[in-house]
Amino acid sequence: MAVTEMSAAALQPGSPAAERARFLLLWIAPLAAFAAAAFLPDVFKGGGVFERIAAGRWMLAHVAVPRADPFSFSHLGQPWAPHAWVSDVAIAAAHALAGWPGVALLVGLEGGALAALTAWQGSRWLGRGAALATLAVGAAFVAPGFGADSLTLSLPLMATWTILLLRAREAGRAPSLWVVVVMGAWANVDASCVVGLAIAAGLTLEAVLSPRTWSAASLTGWAAVLAASVVAAMATPFGLSGLVFDFGLFDPARLPIAARWPAPDFFNLGPLELALLAGVFGLFWRGARLTAIRALILIGLTHLALQHLRQEALLGVAAPLLVAEPLGRALGRAAPQPVSWRLPVPQMTLGAGLALAISVARLALPVAPANSADAPLAALAQVPVALRAQPVINDADFGDYLLYAGVRPFVDGRADMWGEDFLATDAAIQNAVQPTTDDTLAHDGVRWALLRPNRALVAALESEGWRRLYADKFAVALENPAPASAPPR
């Protein structure tokens, strides 16, 4: 009993032990996340960063958001909407200012900001050990899909949104209008904003089902904020159609087409399974009791995470925030503690110095996408500049890199633009299905090809006399020695 009392006294606000714990949670853990994210070895994985930079460069150059495709030769001028346009501009600006290290630094800043928000909310309800544990579990969910992508840039917004809603529920009042502002920003950064609307709808229902906190002002406020947030989600260049598109991305039928990430693999023990098991163990062991609504929210996010690896991050952001209060109550904390970001000057100076050192190191050390299955650097380098300006038939996975390199692709990763019929035609071409292949090559006057080595089309084109310019394990570049003339477009 005496030991427990001494430990509790040592961690009283303002005590040296409490200050050290706060420094660890609010500075050291986020700085570690900042460094880990900024120096991720596969920060450019998936290839989507190339599309982001190409689209963002166009928007910065034209000071406008395109409504039609300005990039491909097969769909030039066809309707296209860059729904994550703010992410495109941010990533392109980072690349323009500091090259690829600048993009990696931007990713690192997002990781640090997310960790800081999660640690702050956790420390309001939990002790140092439990707060670090929930932060680690959340990081395990987030890490597999973390990289230079619009979803990554949206995660601190999701954390801010969820914290604002949860604090309103703690106080038994309606959320502040800052929630609406956050939703407006989130909707322009990434389609995951619709998950935020679902969380808000759930917590609004929780407020309705909690008679102890009923008040006309509170319930009216929750309903008004939810309605205003839906309107804010449409405050994009694309309005209602943009919100419909965002919801559509979570349609399981579209995931194989619109996504670059596979479903989780449970044949091998991975971060998702470890994090799920650790989270369930911790909640059961300590007897944490969630409301039915919050349990349903977590179940829904778990369902999304099990569908698709990229959606694990959504669970990783929301779960530590949603369980902090029930876990804290199970551990004996009756109310949240105020947690200030202000620390003694020496600690803040040390933290700022570490942040500056990480930033300088990230900008100073070279980093760039490597020749890979998403970025056929070596193959494209062997294609003459004049030939690159001619129509190409390419693997869809190479299309985003071609956008970045200033080459008009036949197809790329913007799956929302192509449509099922065109993607079916492209699949037939990649498999050298006749007469689709010859008809397309002749109609478009295709002069060269950039394909994966295992595509049936590679062998078919070489059998027709196409000349191999280059080949490695990732890509094959071929030239058509006798192209047909393409009709004018």
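Right after helix α21 comes G445, a residue with a positive phi, near 60°. This is a predicted model, and the helix that G445 follows is a handy place to start looking at it. Helix α21 runs over residues 436-444, and T437, T440, L441 and D444 are its buried positions. These four cover an arc of only 95° around the axis, so they sit on the same side of α21. As for what that side meets, the buried residues of α21 pack against β1 (392-394), α20 (420-430) and α22 (456-463).

Zooming out, the chain is built from 22 helices and four strands. Its radius of gyration is 25 Å, close to the 23 Å that the globule rule gives for 489 residues, so the chain is as compact as a globular protein of that length. Laid along the principal axes, the C-alpha atoms fill a box of roughly 90 × 50 × 45 Å. Half of the story is on the inside, quite literally: 50% of the 489 residues count as buried. The fold also brings together stretches that lie well apart in the sequence. If one takes contacts between residues at least 6 apart, 74% of them join residues at least 24 apart.

On the outside, the accessible surface adds up to about 21,600 Å², and carbon and sulfur atoms account for 67% of that. Charges come to 32 positive and 33 negative, and the mean positions of the two sets are 12 Å apart.

Two buried residues are worth a visit. One is E206, which belongs to helix α8 (residues 193-208). Its relative accessibility is just 3%, and because the cut-off for buried is under 20%, E206 falls on the buried side. Setting aside residues up to four places away in sequence, E206 touches R169, T291, I293 and R294. The carboxylate-bearing residue thus has two arginines, R169 and R294, among its contacts.

The other is V43, found in the loop between α2 (16-38) and α3 (48-62). Loop or not, V43 is buried, with a relative accessible area of 2%. Once neighbours within four places in sequence are left out, the contacts of V43 are A37, V107, G147 and A148. V43 also gives an example of sequence distance versus spatial distance: P369 is 326 residues away along the chain, yet the two C-alpha atoms are 8.6 Å apart in space.

Notes:
Residues numbered from 1 in each chain as written. Predicted model: local features only at pLDDT ≥ 70, side-chain atom pairs only at ≥ 80, totals over all residues. Heavy atoms only, no water. Helix = DSSP H or I, 4+ residues; strand = E, 2+ residues; numbered from the N terminus. Rg over C-alpha atoms; globule rule 2.2 N^0.38 Å. Buried < 20%, exposed > 50% of the residue type's maximum accessible area, 1.4 Å probe, protein only. Contact = heavy atoms within 4.5 Å. Areas by Shrake-Rupley, 256 points an atom, 1.4 Å probe, with all protein chains shown as cover. Lys, Arg positive; Asp, Glu negative; His and termini not counted. Charge placed at Lys NZ, Arg CZ, Asp CG, Glu CD. Arc of directions from axis to C-beta.
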